[in-house]
Amino acid sequence: MGPVVRIALPGDVPAWAVTGNRAARAVLADSTISKNPDHWRLWTDGRVPADWPLISWVAPRNMFTADGVEHQRLREPVK
């Protein structure tokens with residue numbers, strides 16, 4: 001099916017699955033892609049319920065979900 005595939009998470013929440021080293025490196029290097037839920041329309045529109053089984057993947061605010069300067073600030077102590 002390819003290295004980047006559209007999938008459905010529990011509750012029919014759409015997502016992308018990235019497999020393979022080359023695709024993962026490309027995604028991680030792409031500045032237009034973010035794990036910050038503030039950029040995820042389903043999240044900001046309230047279409048992902050608070051009791052969603054995978055809420056812990058997106059709700060926490062940490063270096064894995066932060067962008068830009070905030071990500072760099074949080075990452076610095078673990079370098």
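**Exercise 1. Determine whether W52 is buried or exposed in this predicted model, and identify the nonpolar core to which W52 belongs.**

Solution. Step 1: the relative accessible area of W52 is 5%. Step 2: the cut-off for a buried residue is under 20%, so W52 is buried. Step 3: W52 is a member of the largest nonpolar core, which has 8 residues. The other members are L9, V13, A15, L42, V48, L54 and V58. Step 4: for L54, the contacts beyond four places in sequence are L9 and P10.

**Exercise 2. Classify the aromatic pairs of the structure and state which residues they link.**

Solution. Step 1: the whole structure yields 2 aromatic pairs. Step 2: the ring centres of W40 and W43 lie 6.5 Å apart, with the planes at 5°, so this pair is stacked. Step 3: W40 and W52 have ring centres separated by 6.2 Å and planes at 55°, so their pair is tilted. Step 4: W40 is in the loop between α1 and α2, whereas W52 is in the loop between α2 and α3; the tilted pair therefore ties together parts 12 residues apart in sequence. Step 5: through these ring pairs, W40, W43 and W52 form a cluster. Within the cluster, W40 is partly exposed at 22%, W43 is partly exposed at 22%, and W52 is buried at 5%.

**Exercise 3. Describe how strands β1 and β2 pair, and characterise the hairpin of β1 and β2.**

Solution. Step 1: β1 spans residues 4–9 and β2 spans residues 13–18. Step 2: the two strands pair in the antiparallel sense over 6 bridges. Step 3: I7 has A15 in β2 as its bridge partner; A15 also belongs to the largest nonpolar core. Step 4: 3 residues lie between the strands of the hairpin, where G11 adopts a positive phi near 80°.

**Exercise 4. Establish for T65 and T32 whether each is buried or exposed, and find the polar contact of each side chain.**

Solution. Step 1: T65 lies in the loop between α2 (41–44) and α3 (68–75), while T32 lies in the loop between α1 (21–29) and α2. Step 2: a relative accessible area of 4% means that T65 is buried; at 67%, T32 is exposed. Step 3: the T65 side chain reaches the backbone oxygen of P60 at 3.0 Å. The side chain of T32 instead makes a polar contact with the side chain of D30, at 2.5 Å. Step 4: beyond its neighbours within four places in sequence, T65 contacts K35, N36, P37, W57 and P60.

Technical notes:
Residues are numbered from 1 along each chain as its sequence is written. This is a predicted model: local features need pLDDT of at least 70, side-chain atom pairs count only at pLDDT 80 or more; totals for chains, interfaces and linings use all residues. Side-chain values use heavy atoms; hydrogens and water are left out. Helices (H or I, at least four residues) and strands (E, at least two) are DSSP runs, numbered from the N terminus. Buried means under 20% relative accessible area, exposed over 50%, partly exposed in between (1.4 Å probe, protein chains only). A polar contact is a pair of N or O atoms within 3.5 Å; within protein, one must be able to donate a hydrogen and the other to accept it, and residues adjacent in sequence count only if both atoms are side-chain atoms. Contact means heavy atoms within 4.5 Å. A nonpolar core is a set of buried Ala, Val, Leu, Ile, Met, Phe, Trp, Tyr and Cys residues joined through side-chain atoms within 4.5 Å. Two strands pair if DSSP finds at least two bridges between them. Rings of Phe, Tyr and Trp (its six-membered ring) pair if their centres lie within 6.5 Å; planes under 30 degrees apart count as stacked, over 60 as edge-to-face and the rest as tilted.
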